[in-house]
Amino acid sequence: MKVVEALEQDKSTEQSVTEEENQSSYLKIKKFKFVMLLFFLVFATAGITTFALAFGDEKAVNVGVTERSEFNKLYEAYDKLNEKYYKDLDEEKLVNGAINGLLESVGDPYSDYMNQDEAKKFQESISSSFEGIGAEIQEKDGYISIVSPIKGSPAEKAGLQPNDKILKVDGESIQGMSVTDAVLLIRGEKGTKVTLTIQRPGQEKTTEVTITRDEIPIETVYAEMKDNGVAEIQITSFSENTYKELVNAINEMQDKGMKKLVLDLRQNPGGLLDQAIKISNLFVPEGEVLFQVEDHNGKVEKYVSEGGQKVNVPTAILVDEGSASASEILAAAVSESNNIPLVGTKTFGKGTVQTAEEFEDGSNMKFTTAKWLTPNGNWIHEKGITPDYEVKMPDYAQLPYINPDKELKESDMSDAVKTAEQMLNALELNPGNVDGYYDEDTKSAVKQFQEKNKFEATGILKGETTVKLMDQLRQKLKENDPQFKKAVEVLK
């Protein structure tokens with residue numbers, strides 16, 4: 001029995017081994033077929049995809065790309081233009097125009113698209129020097145207007161003022177034009193001329209101003225020691241080196257015995273936010289709020305003054321309608337967080353913050369990302385900051401520019417003649433009736449002015465006589481600046 005059992009076990013074992021060998025062979029065959037099937041499927045899929053990309057409908061290109069249904073209308077417009085427009089189109093211009101249209105539709109004068117050239121010039125305006133007239137402009141209600149001319153620039157010398165509307169550039173209307181397009185027309189090589197048609201607020205008639213372009217240096221801080229230890233430091237804009245320039249100026253004035261400081265932010269259109277923060281930090285005690293930023297979700301972030309160098313002498317700040325953006329951040333910070341008095345007129349009122357996003361081709365778009373609030377939470381946008389001491393400048397400070405190339409002589413009658421009479425009157429050279437008529441009294445006043453300045457006494461207002469007349473008026477304004485005088489009085 002045991003032998004039989006043993007034989008039966010051996011037989012059973014042989015059958016088991018045979019079955020395992022057969023199963024292993026079967027699995028090997030099946031595995032080979034499976035691998036070959038996978039290879040075939042991959043090969044077929046690749047072939048079909050290649051065929052679809054090469055010959056199929058364009059939608060095949062979008063495989064793996066998230067569909068953005070909101071752009072269907074834009075794509076359709078783009079395709080129809082390319083397909084049916086009567087002449088060839090520049091695809092880059094179409095795309096740039098679409099981006100520009102997106103930003104214009106926002107309705108924000110501080111958001112715009114800049115192509116490569118415009119972006120380069122924008123960067124130059126805050127980092128080095130550029131060639132042009134030297135004026136900050138903005139678009140508002142379809143018009144391009146002056147925010148502020150840069151100190152010492154051709155624009156300032158020509159008498160351009162905040163809120164002047166620029167209607168034409170070299171006879172070409174710029175109404176409805178974007179800021180970047182207007183800048184391209186106004187800027188140009190040093191030594192070339194540009195004629196702007198200007199309309200001043202409250203005046204119906206326009207004035208043509210011809211300005212010779214120049215290199216506009218980005219020197220932003222000017223310091224001067226006045227009487228009785230009063231230092232006057234002017235900041236004309238907030239560029240890359242403004243903080244360093246200001247610290248150097250403050251140290252220089254301290255070496256000269258500065259006891260009081262008048263910081264002049266008039267006609268300062270703003271600039272880089274980081275510079276405004278650093279400069280505000282000089283005048284606000286550590287731990288006090290400089291300003292607040294509110295994003296589109298309503299989240300508010302407070303920026304607080306840090307330690308470091310501080311200005312410890314009594315200080316007053318001068319502001320006017322040309323003080324905007326970063327200037328207003330500084331003015332509000334020192335006023336609300338350190339009780340530094342503000343003197344002058346109401347500021348411009350720009351309470352938003354912009355950022356620039358650059359594309360791979362060097363172009364960029366500048367757009368508003370948040371609004372900034374004063375330390376006390378006030379939003380000054382389109383309202384401005386009212387100074388503690390409101391002091392207006394004299395009427396002659398608002399007089400328009402007279403074109404030196406235009407001859408004014410006896411028997412002429414025009415607005416330019418009236419402006420000249422007002423200037424002569426401000427310089428205490430009696431031109432008779434200020435009525436716009438160039439009579440004998442006007443001619444006599446012009447002769448007197450020419451003799452005083454050692455010019456040929458022709459009685460005709462033109463060229464160097466006109467330039468000198470406007471220059472002396474600016475000098476008088478500087479020497480008799482009522483806002484500066486009030487600031488010094490406040491500091492006493």
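**Exercise 1.** Classify Tyr303 in this predicted model as buried, partly exposed or exposed, then do so for its ring partner.

Solution. Step 1: Tyr303 has a relative accessibility of 27%. Buried requires under 20% and exposed over 50%, so Tyr303 is partly exposed.
Step 2: the aromatic pair joins Tyr303 to Phe291. With a relative accessible area of 1%, Phe291 is buried.
Step 3: the centres of the two rings are 4.6 Å apart and their planes differ by 5 degrees. Planes under 30 degrees apart count as stacked, and this pair is stacked.
Step 4: Phe291 belongs to strand β13 and Tyr303 to strand β14 (residues 300-304), so the pair ties together parts twelve residues apart in sequence.

**Exercise 2.** Determine the environment of Gln275 and of the helix that holds it.

Solution. Step 1: Gln275 is part of helix α8, residues 273-283.
Step 2: its relative accessibility is 3%, so Gln275 counts as buried.
Step 3: with neighbours within four places in sequence left aside, Gln275 contacts Phe238, Ser239, Glu240, Asn241, Thr242 and Tyr243.
Step 4: the buried residues of α8 are Gln275, Ala276, Ile279, Ser280, Asn281, Leu282 and Phe283. They pack against several elements, among them α7 (242-255), β13 (289-294) and α9 (326-338).

**Exercise 3.** Describe the largest pocket by volume, lining and residue class.

Solution. Step 1: the volume of the largest pocket is about 1,500 Å³.
Step 2: the lining has 49 residues, and those closest to the pocket centre are Glu156, Gln267, Met393, Arg474 and Leu477.
Step 3: α12 (464-479) is among the elements that supply at least two lining residues. With seven residues, α12 gives the most.
Step 4: by class, the lining holds 18 nonpolar, twelve polar and 19 charged residues.

**Exercise 4.** Find the cavities of 30 Å³ or more and characterise the lining of the largest cavity.

Solution. Step 1: a search of the whole structure returns one such cavity. The volume of the largest cavity is about 70 Å³.
Step 2: its lining includes Ile198, Gln199, Thr207 and Val209. The elements giving two or more residues to this lining are β7 (193-199) and β8 (207-212).
Step 3: the lining residues divide into six nonpolar, four polar and one charged.

**Exercise 5.** Which rings have the charged ends of Lys350 and Lys371 over them?

Solution. Step 1: the charged end of Lys350 sits over the ring of Tyr110, 4.6 Å from the ring centre.
Step 2: for Lys371 the ring is that of Trp379, with a distance of 4.3 Å from its centre.

Notes
Residues are numbered from 1 along each chain as its sequence is written. This is a predicted model: local features need pLDDT of at least 70, side-chain atom pairs count only at pLDDT 80 or more; totals for chains, interfaces and linings use all residues. Side-chain values use heavy atoms; hydrogens and water are left out. On a 1 Å grid over the protein atoms alone, a cavity is a set of points where a 1.4 Å probe fits but cannot get out, and a pocket is an open set with protein on both sides within 12 Å along at least five of seven lines; lining residues have an atom within 4 Å of a point. Grid points are joined across faces, edges and corners, and a volume is the space filled by probe spheres set on the points. Helices (H or I, at least four residues) and strands (E, at least two) are DSSP runs, numbered from the N terminus. Ala, Val, Leu, Ile, Met, Phe, Trp, Tyr, Cys and Pro count as nonpolar, Asp, Glu, Lys and Arg as charged, and the others, Gly among them, as polar. Buried means under 20% relative accessible area, exposed over 50%, partly exposed in between (1.4 Å probe, protein chains only). Contact means heavy atoms within 4.5 Å. Rings of Phe, Tyr and Trp (its six-membered ring) pair if their centres lie within 6.5 Å; planes under 30 degrees apart count as stacked, over 60 as edge-to-face and the rest as tilted. A charge sits over a ring if NZ of Lys or CZ of Arg is within 6 Å of the ring centre and within 35 degrees of the ring normal.
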